[in-house]
Amino acid sequence: AVELWPSFTNSWYYVFRAAYSQQKYEAAIEALETHWKLDPEALVVALGGQRDLNLPIVEYLVGWCADPSKHADAALNDQAALLSQMLTRGAPDEARYWNNRRLFLRDQGDQMRWLDRDTDPALLQPLWEAAHAAYAKTLELEPDNPNYLNDTAVMLHYYLKRDYASALALYERAAKCAEEQLARKDLRPDERQVIQIAKRDSNNNIPKVKRLMDKLARGEKLGPEDEDQ
């Protein structure tokens, strides 16, 4: 139908559903991408028509993209990031969708750097900015989450390389929130482990960003040790 009459853009939604039902995940993702490119608002409406069915399907496709064992390519971070963006539009108050979006945007940029060390930083900057915006939204929804606090600080500290005072404040708050939450007795083992990692990483990064700030205050050049994560 859409081939015969391209203005029937909502046909791409049904192509997505039909392809997913046949476990043709690449075709399902391609249909979603095409619909998004042509009319993102219409796609959001279409997904929202059966929200409780569609959002878990799109979330499954995000996981499929992120698992290289499921397909011939390396992790499809760019597609996973776009699908996560669709999810943030479908459920804007769901922190994990924003968290996934920022993660895949950051991983997409990292993947580009690993494949080509000479990648133009100007190509990466929009990814870092979009990732930071997703981090900020995640924090807005869960302001006391030590993992989100630490990861947002990492984005400023190591990727955007700016607002180091803000990064320090975020690291310190991440460590404090992690300490407070680890004192709880009702944490599941997996929750406790994640919070312990946030506590460890934020405490490790506090002296690093302080040293960097001191160097900049003295007008010294930064070295490779200041870029080490």
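**Exercise 1. How much area does the protein expose, and what share of it do carbon and sulfur atoms supply?**

Solution. Keep in mind that you are working with a predicted model.
- Step 1: the exposed area of the protein comes to about 12600 Å².
- Step 2: carbon and sulfur atoms supply 53% of that area.
- Step 3: now turn to the inside, where 43% of the 229 residues count as buried.

**Exercise 2. Describe the fold from its elements and contacts.**

Solution.
- Step 1: count the elements, and you find ten helices and zero strands.
- Step 2: the pattern along the sequence therefore reads α-α-α-α-α-α-α-α-α-α.
- Step 3: the C-alpha trace spans about 65 × 50 × 30 Å along its principal axes.
- Step 4: take the contacts with a separation of 6 or more; 58% of them join residues 24 or more positions apart.

**Exercise 3. Classify the aromatic pair of Tyr 13 and Phe 16, and place it in the protein.**

Solution.
- Step 1: the ring centres of Tyr 13 and Phe 16 are 5.9 Å apart, and rings pair if their centres lie within 6.5 Å.
- Step 2: the planes meet at 55°, so the pair is tilted, falling between the cut-offs of 30 and 60 degrees.
- Step 3: both residues sit in helix α1 (residues 11–21), and because they are three residues apart, about one helical turn separates them.
- Step 4: Tyr 13 is buried at 5% relative accessible area, and Phe 16 is buried at 0%.
- Step 5: for context, the protein has eight aromatic pairs, and one aromatic cluster is formed by Tyr 20, Tyr 25, Tyr 60 and Trp 64.

**Exercise 4. How many positive and negative side chains are there, and how far apart do the centres of the two sets lie?**

Solution.
- Step 1: the count gives 29 positive and 37 negative side chains.
- Step 2: the centres of these two sets lie 5 Å apart.

Conventions: Residues numbered from 1 in each chain as written. Predicted model: local features only at pLDDT ≥ 70, side-chain atom pairs only at ≥ 80, totals over all residues. Heavy atoms only, no water. Helix = DSSP H or I, 4+ residues; strand = E, 2+ residues; numbered from the N terminus. Buried < 20%, exposed > 50% of the residue type's maximum accessible area, 1.4 Å probe, protein only. Contact = heavy atoms within 4.5 Å. Areas by Shrake-Rupley, 256 points an atom, 1.4 Å probe, with all protein chains shown as cover. Lys, Arg positive; Asp, Glu negative; His and termini not counted. Charge placed at Lys NZ, Arg CZ, Asp CG, Glu CD. Phe/Tyr/Trp six-rings, centres within 6.5 Å; stacked < 30°, edge-to-face > 60°.
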